[in-house]
Amino acid sequence: MKNCIITISREYGSGGRDVGRMLAEQLGLPVFDKEIMHLAIEKSGLPGDFIEKHCEKVPSKFIQALKRLSLNVPSTRMPSGYTSHVAAIPLNKKTDADNVFQTQSAVIKEIAESGSCVIIGRLAGYVLREHPNLFSVFIRGDFEDRVKRTIEVYNLPAENAAKDVKKIDKHRANHYKLFTDQKWGDAKNYDLVINTSSVGIAGAVNVIKSMLSERIKE
């Protein structure tokens, strides 16, 4: 299977980001997470405050650091031959959120055309739904385990963790519904759904690799 694009969607606290990054490392593929998407949006010519208003919240110092970077810095492990043309994307007169989605979608499609990779979040599975070699994954976890993980990994106060998990899940579900008119996390919208409470982070990576091996045989 040539030009395999693996997209990772995930519930908050499920470890989906770790799954995606571990998978990319083991497969020797570039991984595109929110920092790459943020940078691509800024390169497109959208005002910088669009990112803070319409994307997942990140520290202001991180945003400033992105502004000093280039898409082609070695640490991003860009696919060979990748160049960005998103600056030429004309913005329409829709809402700010629509413009952000339009730009991100163009970037995601451009990335997918450049070679095999792992893309985490950003509705990439939906954006690339017609790609012939797309393998879309949804990572979930039992609620109690996700709350525990947010406390341990993200250092959220224990008294607020459960509320924050529900809030972010709701935000992602609404965002997905808005742009896809589909239900976030519905198994029929993905090639594979994995519960990390059952198999763990490393186990989830192994399951995905096993499924990919079967796809390659086809």
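1. Asp181 comes just after helix H8 and takes a positive phi of about 60 degrees. Asp181 is not a glycine, and the positive value is found in a residue of another kind. In this predicted model, Asp181 belongs to the loop between H8 and S5. Is Asp181 buried or exposed? Asp181 counts as exposed, because its relative accessibility is 58% and the cut-off for exposed is over 50%.

2. The residue before the loop is Thr180, which still belongs to helix H8. Thr180 is buried, because its relative accessible area is 7% and buried means under 20%. Two polar contacts involve the side chain of Thr180. In one, a polar atom of that side chain lies 2.5 Å from the backbone oxygen of Tyr176. In the other, the side chain of Thr180 reaches the backbone nitrogen of Gln182 at 3.0 Å.

3. Helix H8 itself covers residues 158–180, which makes 23 residues. From its first C-alpha to its last, H8 reaches 33 Å, and this is close to the 33 Å expected at 1.5 Å a residue. Which residues of H8 are buried? They are Ala161, Val165, Asp169, Arg172, Tyr176, Phe179 and Thr180. The list includes the charged residues Asp169 and Arg172.

4. Two packed helices are described by the angle between their axes and the distance between the axes. What are these values for H7 and H8? Helix H7, residues 143–153, packs against H8 at an angle of about 115 degrees, and the two axes are 9 Å apart. The crossing of H7 and H8 is right-handed.

5. Which residues form the contact between these two helices? On the H7 side they are Phe143, Arg146, Val147, Thr150 and Ile151. On the H8 side they are Ala158, Ala161, Ala162, Val165, Lys166 and Asp169. By kind, the residues of this contact divide into seven nonpolar, one polar and three charged. Among the H8 residues that meet H7, Ala161, Val165 and Asp169 also appear in the list of buried residues of H8.

6. The loop between H7 and H8 contains Asn155. Asn155 has a positive phi of about 60 degrees, although Asn155 is not a glycine. Asn155 is exposed, because its relative accessible area is 64% and exposed means over 50%. A reader can set this point beside point 1, since Asp181 also has a positive phi and also counts as exposed.

7. Asn195 is part of strand S5, which spans residues 192–195. Asn195 is buried, because its relative accessible area of 16% is under 20%. Where does the side chain of Asn195 make a polar contact with another side chain? The partner is the side chain of Asp142, at 3.1 Å. The side chain of Asn195 also reaches the backbone nitrogen of Ser197, at 2.8 Å. With neighbours within four places in sequence left aside, Asn195 is in contact with Arg140, Gly141 and Asp142.

8. Ala187 lies in the loop between H8 and S5, and that loop also holds Asp181. Ala187 is partly exposed, with a relative accessible area of 48%. The C-alpha atom of Ala187 is separated by 8.0 Å from that of Phe138, although the two residues are 49 residues apart along the chain.

9. Lys109 gives an example from another helix, H5, which covers residues 96–114. At 44% relative accessibility, Lys109 counts as partly exposed. The C-alpha atoms of Lys109 and Ala124 are separated by 8.6 Å, and these residues are 15 residues apart along the chain. Once neighbours within four places in sequence are left aside, Lys109 is in contact with Val127 and Leu128.

10. Some values concern the whole protein. How many helices and strands are there? The protein has nine helices and five strands. Their order from the N terminus on is β-α-β-α-α-α-α-β-α-β-α-α-β-α. Of the 218 residues in the protein, 47% are buried. Among contacts with a separation of 6 or more, 72% are made by residues 24 or more positions apart.

Notes: Residues are numbered from 1 along each chain as its sequence is written. This is a predicted model: local features need pLDDT of at least 70, side-chain atom pairs count only at pLDDT 80 or more; totals for chains, interfaces and linings use all residues. Side-chain values use heavy atoms; hydrogens and water are left out. Helices (H or I, at least four residues) and strands (E, at least two) are DSSP runs, numbered from the N terminus. Buried means under 20% relative accessible area, exposed over 50%, partly exposed in between (1.4 Å probe, protein chains only). A polar contact is a pair of N or O atoms within 3.5 Å; within protein, one must be able to donate a hydrogen and the other to accept it, and residues adjacent in sequence count only if both atoms are side-chain atoms. Contact means heavy atoms within 4.5 Å. The expected span of a helix is 1.5 Å times one less than its number of residues. Axes are lines fitted to C-alpha atoms, for helices over the stretch in contact, and angles run from 0 to 180 degrees between N-to-C directions. A crossing is left-handed if the near helix is turned anticlockwise from the far one by less than a right angle, and right-handed if clockwise.
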